[in-house]
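Biologist: Hi! Could you walk me through this model? I'd like to start with the cysteines.

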Amino acid sequence: MLDEIKISQAIINSYKKKLLKVLDVDVAIVGGGPSGLSCAYYLAKAKRSIVLLERKLSIGGGMWGGGMMFNEIVVQKKARLILDELRIATHPYKEDYYLAEAIEAVCGLGYRCMQAGVKIFNLISAEDVLIRKNRVCGLVLNWTAVELANLDVDPLTLRAKYVVDATGHAAEVVRVAEKKADIKLKTSTGKILGEKSMWAEVAETTILKNTKEVCPGLYVCGMAANAVFGSPRMGPIFGGMLLSGKKAASEIIKKLK
Ligand code: 48F
């Protein structure tokens, strides 16, 4: 006989256990788009404890919609190797261009992350950072529903050795650190430089250069990296996103050693 109360107890107990486990982790990643997922996968593969927070109901960020809702993504050969590793199908178009189904890419990335041990929490937003001795060392979190309804509800916090801003164009975590803490970013002005108009060729190169620790304890990857360092956007080519997440992961893995 099915008992609704037992079903509720199962969900509440299991969620509570999962949440308690991630209150003190190696790395907390904000944003479940392609760069955040790629970063999370490689960190988990290196056996680090990882939590990924995603504001929306679904992970995947801007990848679901391909280009202007044509749900295909384009990647270059270097990034195709990441999709190969994740067993996400690609097929060659011409020269260095490969295509993948956007839906398969998102689902594949999410699935591999979970299998590698990433703890993903959807419907939670990072609204602030924890800073001690001028170093970012955690996040301040709240339910997205609280944010959307503009309710006056205090947040909870988690601690992390490193935080990764993978929030896309808005670079939300870096923005809040810049605004609220007297932190100088590693940009030419010490402030966020802002994203430039589309130029795929340049953007796909600069994104890797811009993927770095932007201030002590806080890494930036994906589109957020180009937004922080004043580089262009690239549109529906996703190779740079995957490679950027992987680069952030490998730098953090080195630091954690
Ligand atoms: O925007 P998004 O896909 O970022 P990305 O990984 O990839 C960018 C591309 O999708 C595309 C592009 C390709 O050429 O330019 O735009 O850099 O994913 C960012 C995710 O972060 C979530 C947001 O809902 C999205 O799923 N997010 C943003 N701010 C927060 C957040 C926040 N404060 N807390 C939690 N999640």
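Modeller: Happy to! A disulfide here is a pair of cysteine sulfur atoms within 2.5 Å. Keep in mind that this is a predicted model.

Biologist: Okay, so how many disulfides does a search of the whole structure find?

Modeller: The search turns up zero disulfides.

Biologist: Why is Cys113 without a bond?

Modeller: Its closest cysteine sulfur belongs to Cys39, and at 9.3 Å that is too far for a bond.

Biologist: And what about Cys221?

Modeller: Cys221 is in no disulfide either. For Cys221 the nearest cysteine sulfur is again that of Cys39, 4.9 Å away, and the cut-off is 2.5 Å.

Biologist: Is Cys221 buried or exposed?

Modeller: Cys221 is buried, because its relative accessible area is 0%. Cys113 counts as buried too, at 0% relative accessibility.

Biologist: Let's switch to the surface. Where is there positive charge?

Modeller: There is a positive patch on the surface where Lys17, Lys18, Lys21 and Lys119 gather. Helix α1, residues 4–21, gives the largest share of that patch, with three residues.

Biologist: Which helix holds Lys21, and is Lys21 buried or exposed?

Modeller: Lys21 sits in helix α1. With 65% relative accessibility, Lys21 counts as exposed.

Biologist: Cool. Which residues make a nonpolar surface patch?

Modeller: Leu2, Ile7 and Ile11 do, and their patch covers about 340 Å².

Biologist: How accessible is Ile7?

Modeller: Ile7, which is also found in helix α1, has a relative accessible area of 43%, so Ile7 is partly exposed.

Notes. Residues numbered from 1 in each chain as written. Predicted model: local features only at pLDDT ≥ 70, side-chain atom pairs only at ≥ 80, totals over all residues. Heavy atoms only, no water. Patch = residues over 30% accessible without salt bridge, like charges linked within 9 Å, V, L, I, M, F, W, Y side chains within 5 Å. Areas by Shrake-Rupley, 256 points an atom, 1.4 Å probe, with all protein chains shown as cover. Salt bridge = Lys/Arg side-chain N within 4 Å of Asp/Glu carboxyl O. Lys, Arg positive; Asp, Glu negative; His and termini not counted. Charge placed at Lys NZ, Arg CZ, Asp CG, Glu CD. Helix = DSSP H or I, 4+ residues; strand = E, 2+ residues; numbered from the N terminus. Buried < 20%, exposed > 50% of the residue type's maximum accessible area, 1.4 Å probe, protein only.
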